[in-house]
Amino acid sequence: MARVLRSPVARAERVYGGYAPSATFRLRLENGKRAFFKASYPAPKGSGVRWVVDVEERNYRRLGELIRPWAPRFLGSIKKAEWHVLLLEDLGPRSVPPWTPSKVRTAARSYARFHKRTLGKRLPRWLSREPYLAHSEFWRTLARTGDLAGTASLAGRRADEAREWLDVALPIFIALEKGLQRARPPFALLHFDTRSDNVRLNGDRLRIFDWPFASIGPAEFDVVAFAQAVPLESGPPPERVLAWYEEVLPLRPAMVDASLAGIAGYFADRAWRPAIGGLPRLRPWQRAQLGSCLGWAARRLDLPEPRWLARVRS
């Protein structure tokens with residue numbers, strides 16, 4: 001490691017956060033500089049963790065000119081004894097949550113500048129267009145398989161009320177999620193996993209790390225996914241996030257609707273399923289996001305207020 005960083009490590013401070021159990025440390029080097037250490041390792045028996053550090057390294061190496069200065073600088077990597085270590089620029093200690101209005105406005109405007117940089121530009125052909133399209137069929141699948149009952153079960157004693165609401169909203173969500181399949185350019189480079197544990201605020205810039213899911217698609221998808229999580233961490237409502245984003249980059253209302261329906265469908269499909277070994281915090285966070293998405297969708301699409309959502313969020 002000293003060879004890659006050009007200095008021995010003087011001190012390592014463990015960093016906690018996120019939903020995958022990767023080994024993460026902030027390093028202080030003997031030459032006074034800092035670095036960030038992120039690594040995968042042999043998962044214990046029964047773990048459902050699927051490492052994607054190799055994909056993330058590829059993206060840091062091959063997308064550097066497109067993702068800087070929002071992404072940290074890639075300093076190098078090490079592979080040894082089934083460990084895969086990424087060494088990155090240290091972006092500092094956690095800056096959110098809580099999300100204050102000032103911090104959210106800064107983050108939203110910077111996120112818009114990130115998307116604006118690549119919007120409509122020629123992007124590497126090897127980047128996938130599939131991730132956002134995968135969100136265009138969740139509601140249809142839930143209806144076809146009967147698994148919508150699983151989504152309603154999250155409301156506990158109010159499951160019957162939840163099912164009635166979902167049955168009313170279902171045709172609307174199905175129609176809207178199909179809009180992702182009809183999405184037309186301009187497209188942008190998407191981070192596809194922007195949330196508080198993957199970002200820092202450095203001055204007026206949103207710094208974004210964890211890049212294994214980088215892909216191409218409508219910018220609306222990225223910002224809707226980000227905006228719905230902000231109020232879950234003491235921040236303003238997603239409507240305000242979009243308004244601040246649009247101070248820099250306009251959004252297409254139809255694509256916002258399609259993205260919101262698709263993302264809500266993903267959480268409706270995942271949140272009620274059994275816990276995944278090694279990821280104990282994932283399902284509760286997905287339930288919270290489902291509640292946020294459905295509450296936002298009800299307001300935006302003039303649906304009846306889903307009063308049962310408090311049971312889902314808890």
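This passage describes the overall build of a protein and then some of its individual residues.

The structure is a predicted model. The protein contains 13 helices and nine strands. Its overall dimensions can be compared with a simple rule: a compact globule of 314 residues would have a radius of gyration near 20 Å, and the protein, at 20 Å, agrees with that expectation. Along the principal axes, the C-alpha atoms fill a box of roughly 60 × 45 × 35 Å. Burial can be followed in the same way, and 52% of the 314 residues count as buried. Contacts between residues tell us how the chain comes together: among contacts with a separation of 6 or more, 70% are between residues 24 or more positions apart.

The outside of the protein can be described too. The accessible surface comes to about 14,800 Å², and carbon and sulfur atoms account for 51% of that area. As for charge, the protein has 53 positive and 31 negative charges. The mean positions of these two sets are 6 Å apart.

Aromatic rings come next. A pair of aromatic rings is described by two values, the distance of the centres and the angle of the planes. A search of the whole structure finds 17 aromatic pairs. One of them is formed by Trp99 and Phe226, with centres 5.6 Å apart and planes at 80°, an edge-to-face arrangement. Trp99 sits in the loop between β5 (83-88) and α4 (101-118), while Phe226 belongs to helix α9 (residues 219-229), so this pair ties together parts that are 127 residues apart in sequence. Both Trp99 and Phe226 are buried.

Another edge-to-face pair is made by Phe114 and Trp211, with 5.8 Å from centre to centre and 65° between the planes. This pair also links distant parts of the chain, for Phe114 is in helix α4 and Trp211 is in the loop between β8 (205-208) and β9 (215-217), 97 residues apart. Phe114 is buried, and Trp211 is buried as well. Following ring pairs from residue to residue brings together a cluster of Trp70, Trp99, Tyr111, Phe114, Trp211 and Phe226.

The backbone has some details worth finding in the 3D view. In the loop between β5 and α4 lies Pro97, and the peptide bond leading from Val96 to Pro97 is cis, with omega near -5°. Pro98 is placed in the loop between β5 and α4 too. The bond joining Pro97 and Pro98 is another cis peptide bond, with omega about 5°. Trp99, already met as the ring partner of Phe226, is likewise in the loop between β5 and α4.

Positive phi values appear in residues other than glycine. Glu82, in the loop between β4 (74-80) and β5, is not a glycine, yet its phi is positive at about 65°. Glu82 counts as exposed because its relative accessibility is 67%, and the cut-off for this label is over 50%. Phe192 has a positive phi as well, near 75°. This residue lies in the loop between β6 (188-190) and β7 (199-202). Phe192 counts as buried because its relative accessibility is 18%, where buried means under 20%.

Two further residues show how position, burial and contacts can be read together. Val52 lies in the loop between β3 (34-40) and α2 (53-62). With a relative accessible area of 31%, Val52 is partly exposed. Although Val52 and Ser40 are twelve residues apart along the chain, their C-alpha atoms are separated by 8.4 Å. When residues up to four places away in sequence are not counted, Val52 touches Pro212 and Phe213.

Glu220 is part of helix α9, the helix that also holds Phe226. Is Glu220 buried or exposed? At 3% relative accessibility, Glu220 counts as buried. Leaving aside neighbours within four places in sequence, the contacts of Glu220 are Leu251, Arg252, Met255, Val256 and Ser259. From Glu220 to Pro236, 16 residues apart in sequence, the distance from C-alpha to C-alpha is 18 Å.

Technical notes:
Residues numbered from 1 in each chain as written. Predicted model: local features only at pLDDT ≥ 70, side-chain atom pairs only at ≥ 80, totals over all residues. Heavy atoms only, no water. Helix = DSSP H or I, 4+ residues; strand = E, 2+ residues; numbered from the N terminus. Rg over C-alpha atoms; globule rule 2.2 N^0.38 Å. Buried < 20%, exposed > 50% of the residue type's maximum accessible area, 1.4 Å probe, protein only. Contact = heavy atoms within 4.5 Å. Areas by Shrake-Rupley, 256 points an atom, 1.4 Å probe, with all protein chains shown as cover. Lys, Arg positive; Asp, Glu negative; His and termini not counted. Charge placed at Lys NZ, Arg CZ, Asp CG, Glu CD. Phe/Tyr/Trp six-rings, centres within 6.5 Å; stacked < 30°, edge-to-face > 60°.
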